[in-house]
Amino acid sequence: MAKMTMVQAINLALMQEMEKDDGVMVLGEDVGKDGGVFRVTDNLMDKFGPERVMDTPLAESGIAGFSIGMALHGLKPVCEMQFSGFSYFAMHQLEAHAARLRGRSLGRFHVPMVLRAPYGGGVRALEHHSESREAYFAHTPGLKMVIPSTPRNARALLVSAIRDPDPVIFFEPKALYRAFREEVPEDEETLPIGKSRIAREGKDVTVISYGATLHSVMEAAEKLEEEDGVQVEVIDLLTISPLDDELFSESARRTGRVVVAHEAPRSFGAGAEVIARLVEKSFLYLEAPVRRVTGFDIVIPLYQREMDYLPGVNRVMQGVRETLDF
Amino acid sequence: MPRKDINLPYKIQYLSILDENGKLDKKLDPNLSEDLLMKLYRAMVLSRKFDERMLTLQRQGKIGTFAPIKGQEAQIGAVAVLEPDDWLVPSFREMAAELWRGKKMENILSLYAGYNEGGEIPEGFNNLPVSIPVGSQTLHAAGIAYAIRYRKQKQVAMTFFGDGATSEGDFHEAMNFAAVFQVPAIFICQNNHWAISVPRSHQTRSKTLAQKALAYEMPGIQVDGNDVLAVYAAAKEAVDRGRSGEGPTFIECVTYRMSVHTTADDPKKYRSEEEVEGWVKKDPITRFEKYLRDKNLMDDDQVKATEEEVSGEIKEAVGRWEDFIKKTPDPLSMFEHLLEELPPHVEQQREELKAEQAQRKGGK
Ligand SMILES: Cc1ncc(C[n+]2csc(CCOP(=O)(O)OP(=O)(O)O)c2C)c(N)n1
Ligand SMILES: [Mg+2]
């Protein structure tokens, strides 16, 4: 097994799936010769040629709509939005068509495409390069929304996304692209879409998170154990939609106390849905109000104030303490 | 019925006034005053020097990612035609045009150093802020121009965008709206040959970008975008047309991105050094300087004096910017300007951050 960054692990998934299936295509802005602005698609063009690794004209709606067409005709396009902040140009194609063609054709057609995009803050970027708007996509019936949290699960989830018969939006936490390395097996590995995981076991309180924020939560959990002797269970959602409410409900019933953490704005975010499911399914098990530790309901500020915006380790710790003290 | 040609009202022309060696085509001379010529020269030098300074500051980690404008300074020719109350609707590679229109250098530095305060609009000018989503701002120019027309005013809206932007739907929608409603909008395409790693030839099969105008029944022209006089002349014609109610114009300025796409980019991956060097000969400042020397408006001493003057100006601006940073502007400012009135739940979030800040200051 090789230790890889998330960039390398995603590249491995693309490389192997393209080798395996000549219907898998990669397209987007600067994904070919340049290998993507984060080098996620590096070397793919050399290996598979410009017919399968396409530097497209600069048009996100075009990229998404074109991918839908390719998918309808049996190919498996993996298209890239250079940054999630520009994926809204493609929103109409995704909402009106990718998400609906199966239904509109009564199952005669389906759209097995993946739309990849780096998302999230923490890399000192320009405007539109730091937001976390997964809720838009998760709110769209007919789309799946996946967010990995480590190199290994990014690779395994992307392979599953490519093989999935339906459109999958795959948001890559760009702050994690090169943040750390993890062993990634050379042999094929997949993870089921629609399943979350226990990232850390604990009995006192459950923290539900995903993406880059998961790592702040893990650090907070370690510190809380050291400083307060508290055992925090951490759930990593991995798929935002369809949401796996089994695993976190089970955990919440055991601990009775829950905190949800994400960098997206608080209102109408993924956390709101998690809490609604808890209230619906586990209300009587809860011993304290569920707290949200999230980004604020404002446009994420430029990078000097970005760290004051993002929910870091301290904010997570405070949220957990308040939940425990209730 | 036989097939026959359909005659279109416009043809695409190419305009160049000052060649690479600074030689003027006298028939086409826009006859600018000496004063304006000198101002244009100085502004181009200032932009070049400030761009270089920004690159240094970026490499030192003092500012973040930005898009250098090196090689595209002749864009100033287009905004030089505008009045302050005309609208400038830029993309993200119009620092030179912004400086001409009153943008403070310290604000540009603040913006790229990650302070929202850098967005300050210069007093008295209708300049929109930098727009990063490629092509999207062109529609705003069309809408602004419609409002101008509706109010029977004499202003125009001038929008800038790149060669890559001509692939976006928004751009085509803007062109179409502008032409359908015959509004005083001027579309300035900075064809710098590259959209990050994608060459102009790969962006569209069209021989020129200017010909895109034909599809919308709009006059379009291709100009030497490194020739500040040609850019000025074409813009002047377009602005006059707009002001007299004759509708929009599209100008393709053929120029070159001499530097990196942004400071996060490595052009070695996709283009050759030779290509870049080939464009050094066509530098907009060198040729303009030659022209001014030939006209006896410029000599070695004056070149040196101009450079020293603008360097001093930049130094002062950097100083003011450093003072701004030293005042460590309050992070709570992130809650400003969301809506005219902050909703109560967001006000509460502001209080959360305030409490956290206080706690942190208290040594926690
Ligand atoms: C809608 C959108 N998609 C992608 C990007 C990322 N991006 C920034 S600049 C750029 C290339 C723009 O090329 P061009 O229009 O030629 O302008 P230039 O950068 O050359 O000035 C891309 C793809 C973006 N900012 N906005
Ligand atoms: Mg360009």
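Ligand 1 is surrounded by residues from chains A and B, so its site is shared between chains. The structure discussed here is a predicted model, and the ligand site is a convenient place to start reading it. In total, 21 residues surround ligand 1. The closest of them include Glu60(A) from one chain, together with Arg93(B), Asp163(B), Gly164(B) and Trp194(B) from the other.

Several polar atoms of chain B can be paired with atoms of the ligand. The backbone of Trp194(B), listed above among the closest residues, places a polar atom 2.8 Å from an oxygen atom of ligand 1. A nitrogen atom of the ligand has a backbone N or O atom of Ile132(B) at 2.9 Å. For His261(B) the side chain is involved: one of its N or O atoms is 3.5 Å from an oxygen atom of ligand 1.

Ile132(B) also leads from the ligand to the protein–protein interface. Chain B and chain A bury about 3400 Å² between them, and 54% of this area is on carbon and sulfur atoms. On the side of chain B, the residues that lose the most area to chain A are Ile132(B), Lys269(B) and Met334(B), which together account for 19% of what that side buries. Ile132(B) thus appears twice, with a backbone atom 2.9 Å from a ligand nitrogen and among the residues that lose the most area to chain A.

Counted by residues, the contact takes 46 from chain B and 35 from chain A. Polar pairing across it is readily found: 16 residue pairs are in polar contact, with both partners at pLDDT 80 or more. What do the residues of chain B that touch chain A look like by class? They divide into 20 nonpolar, 16 polar and 10 charged.

Charged pairs feature here as well, with a count of 5 salt bridges between the two chains. One of them joins Lys269(B) to Asp42(A), where the closest N and O atoms are 2.6 Å apart. Which helices of chain B supply at least two residues each to the side that touches chain A? They are H4 (105-112), H7 (200-203) and H12 (344-361). Of the contributions to this side, that of H12(B) is the most, with 9 residues.

The domain assignment puts these elements in context. Chain B is assigned domain 1 (13-324) and domain 2 (334-363), and the C-alpha centres of the two domains lie 39 Å apart.

Technical notes: Residues are numbered from 1 along each chain as its sequence is written. Chains are lettered from A and ligands numbered from 1 in the order in which they are written. This is a predicted model: local features need pLDDT of at least 70, side-chain atom pairs count only at pLDDT 80 or more; totals for chains, interfaces and linings use all residues. Side-chain values use heavy atoms; hydrogens and water are left out. Domain bounds come from an automatic or database domain assignment. Contact means heavy atoms within 4.5 Å. Buried area is the accessible area (1.4 Å probe) that two parts lose on being put together, summed over both. A salt bridge is a side-chain nitrogen of Lys or Arg within 4 Å of a carboxyl oxygen of Asp or Glu. A polar contact is a pair of N or O atoms within 3.5 Å; within protein, one must be able to donate a hydrogen and the other to accept it, and residues adjacent in sequence count only if both atoms are side-chain atoms. Helices (H or I, at least four residues) and strands (E, at least two) are DSSP runs, numbered from the N terminus. Ala, Val, Leu, Ile, Met, Phe, Trp, Tyr, Cys and Pro count as nonpolar, Asp, Glu, Lys and Arg as charged, and the others, Gly among them, as polar. A residue is near a molecule or strand if one of its heavy atoms lies within 4 Å of it.
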